Amino acid sequence: MGDLTTAASAPANQTVCNSNKFSLPMAEPKKYIIAPDDSDLSSKTWLTNGRPEHYGHDTAANQAIRERLRQEADRSFQTGVTANESRRSDLAIAAFEQALRGYRKICNLSGMAKVSDALFILYYGQGNYWCAIDFAKKYYEIAKHLNSQKLQQRALSHMGNTYRHLEVHDKARSCMVQSVSLAQEMGKARPLMMALNNLGMVYKHVGQLAEAIDCYSQSLQLSQDLKDLTIEQQVLKNLGNAHHALGNHAQTVAAYDRLLQLDQGRMSTTMKNRILRQISTACCNLGRYRQAIAYSQQRLNLARTLNDPRSIIHVLDALCASCEAIDDFGQALTYHEERLQVALRVQDEILIRQATVSLKQACMAVGDFDRFIKYMDHAMESI
């Protein structure tokens, strides 16, 4: 990617990142990224190029000019913040870039740092990882120049997360390990909590599940110490996913159960359905069928609320199996009946046939042949 020295002279309506990204080879657009060595990351060229010499003299006039340019850059930055909060990303980008040019004119590194950070967050949130990694690297360069461990640690986390999305696994792991190390060195619990969770995500992404679980567990403990329920929920989800992938059923149940207890309606319907499905499956694998039934009933209520007949049928099938596993054939029969009724409602021949066969077996198990005949005739009329 190009640097900001070239981009700073771009027209006002052309974004810094977009002016550079088309110079990248396009053979592998989803994975390609220039992964620089540490020496590249610490390069200060873009920080010093283009520095106006006539601001170098410490005169009253030059100080006044610098102050005016700083105030203009501050206003541009605030315009970008306001535009971003209003979801006007194009205006936000233009304002941030104007602020960046202003700060560079007076070599205001603190200003350049906050703008680079803001641009990274904006592009990362949009899923534009090519642009995001560019600004993450610029942010890191500034942090090194300022000799700020705090900014370096944050920049390394930015880079690690972005490289993970770009599937540059070695760089993602290297950046996140350094981020964790810096957070530990600073003795800052919150950055360490976030960095450990992010490193866990990198490990899980490359299939190193044991290492991922270790990172998540440490991050979880820190989130609980800090009483940060939002982060605790995020880490519990990641921890449960890792245990589920490894087949650690008891740990899967423990993580997901705590996650569901903390949820106060903020979890998406799709996510909650997936969690309930995985935790009920883990309970069945542990032989905890009554617990599995409780979670499956929550899934059933969710599917009914969404009026999703195929999800309802899927959950009813799971409930039938759990009830039969504890010899509760009467309740299983009730679920089999509902399953057939839903299948008839959607008029799916395959689902009707499957539900009919299951209902026949359930009726025979309890000796209720009259009920079987009733639904058998109903099914035949509906096909």
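**Cores and helices of an all-helical predicted model**

Within the largest nonpolar core, which comprises 73 residues, the members that touch the most other members are F77, F96, Y103, V115, Y123, M159 and Y163. Helix α8 contributes the largest share of this core, with 10 residues. Another core lies apart from it and has 23 residues, including C320, C323, A343 and C363. The model is predicted. Its protein chain contains 20 helices and zero strands.

Of the 383 residues in the protein chain, 45% are buried. Among the contacts with a separation of 6 or more, 57% are accounted for by residues 24 or more positions apart. The accessible surface of the chain is about 19100 Å², and carbon and sulfur atoms provide 48% of that surface.

F77, one of the core members named above, is in contact with F96, A99, Y103, K114, V115 and A118 when residues up to four places away in sequence are not counted. Three of these partners, F96, Y103 and V115, are also listed with F77 among the core residues that touch the most other members. The contact with K114 has a further feature: the charged end of K114 sits over the ring of F77, at 4.5 Å from the ring centre.

Helix α8 covers residues 129–146. Its 18 residues should span 26 Å at 1.5 Å a residue, and the 25 Å between its end C-alpha atoms agrees with this. Because 14 of the 18 residues are buried, α8 is largely enclosed by the rest of the structure. After the helix comes N147, with a positive phi near 55°.

Aromatic pairs number four in the model. One of them joins Y124 and Y129 in an edge-to-face arrangement, with 5.5 Å from centre to centre and 70° between the planes. Y129 is also the residue at which α8 begins. Both tyrosines fall just outside the buried class, for which the cut-off is under 20% relative accessible area. Y124 counts as partly exposed because its relative accessibility is 22%, and Y129 counts as partly exposed because its value is 21%. Ring pairs also bring in F120, so that F120, Y124 and Y129 are linked into a cluster.

Two residues from helices α12 and α13 illustrate the packing in the middle of the sequence. L222 belongs to α12, which runs over residues 209–225. With a relative accessible area of 18%, L222 is buried. Its contacts, leaving aside neighbours within four places in sequence, are A189, L192, M193 and L196. The C-alpha atom of L222 is separated by 8.7 Å from that of E232, which is 10 residues away along the chain. N238 is found in α13, residues 229–246. N238 counts as buried because its relative accessibility is 8%. Apart from residues up to four places away in sequence, N238 touches N197, M201 and Y216.

Helix α17 comprises 17 residues, 309–325. From its first C-alpha to its last, α17 reaches 24 Å, close to the 24 Å expected at 1.5 Å a residue. Its buried residues are I312, I313, V315, L316, L319, C320, S322 and C323. An α-helix has 3.6 residues a turn, so residues three or four places apart point the same way. The cover over the buried residues of α17 includes α15 (269–285), α16 (289–306), α18 (329–346) and α19 (349–366). Two of the buried residues of α17, C320 and C323, are among the members of the 23-residue core. D327 follows the helix and has a positive phi, near 65°.

The neighbouring helix α16 holds S296. This serine is buried, with a relative accessible area of 2%. Leaving aside neighbours within four places in sequence, S296 is in contact with S280, V315 and L319. Of these partners, V315 and L319 are buried residues of α17.

Helix α19 is one of the helices that cover α17. The 18 residues of α19 should span 26 Å at 1.5 Å a residue, and the end C-alpha atoms lie 26 Å apart, in agreement. The buried residues of α19 are L351, I352, A355, T356, S358, L359, A362 and C363. C363 is among the members of the 23-residue core, as are C320 and C323. The residue that follows α19 is G367, with a positive phi near 75°.

Conventions. Residues numbered from 1 in each chain as written. Predicted model: local features only at pLDDT ≥ 70, side-chain atom pairs only at ≥ 80, totals over all residues. Heavy atoms only, no water. Helix = DSSP H or I, 4+ residues; strand = E, 2+ residues; numbered from the N terminus. Expected span 1.5 Å × (residues − 1). Buried < 20%, exposed > 50% of the residue type's maximum accessible area, 1.4 Å probe, protein only. Phe/Tyr/Trp six-rings, centres within 6.5 Å; stacked < 30°, edge-to-face > 60°. Lys NZ or Arg CZ within 6 Å of the ring centre and 35° of its normal. Contact = heavy atoms within 4.5 Å. Areas by Shrake-Rupley, 256 points an atom, 1.4 Å probe, with all protein chains shown as cover. Core = buried A, V, L, I, M, F, W, Y, C linked by side-chain atoms within 4.5 Å.
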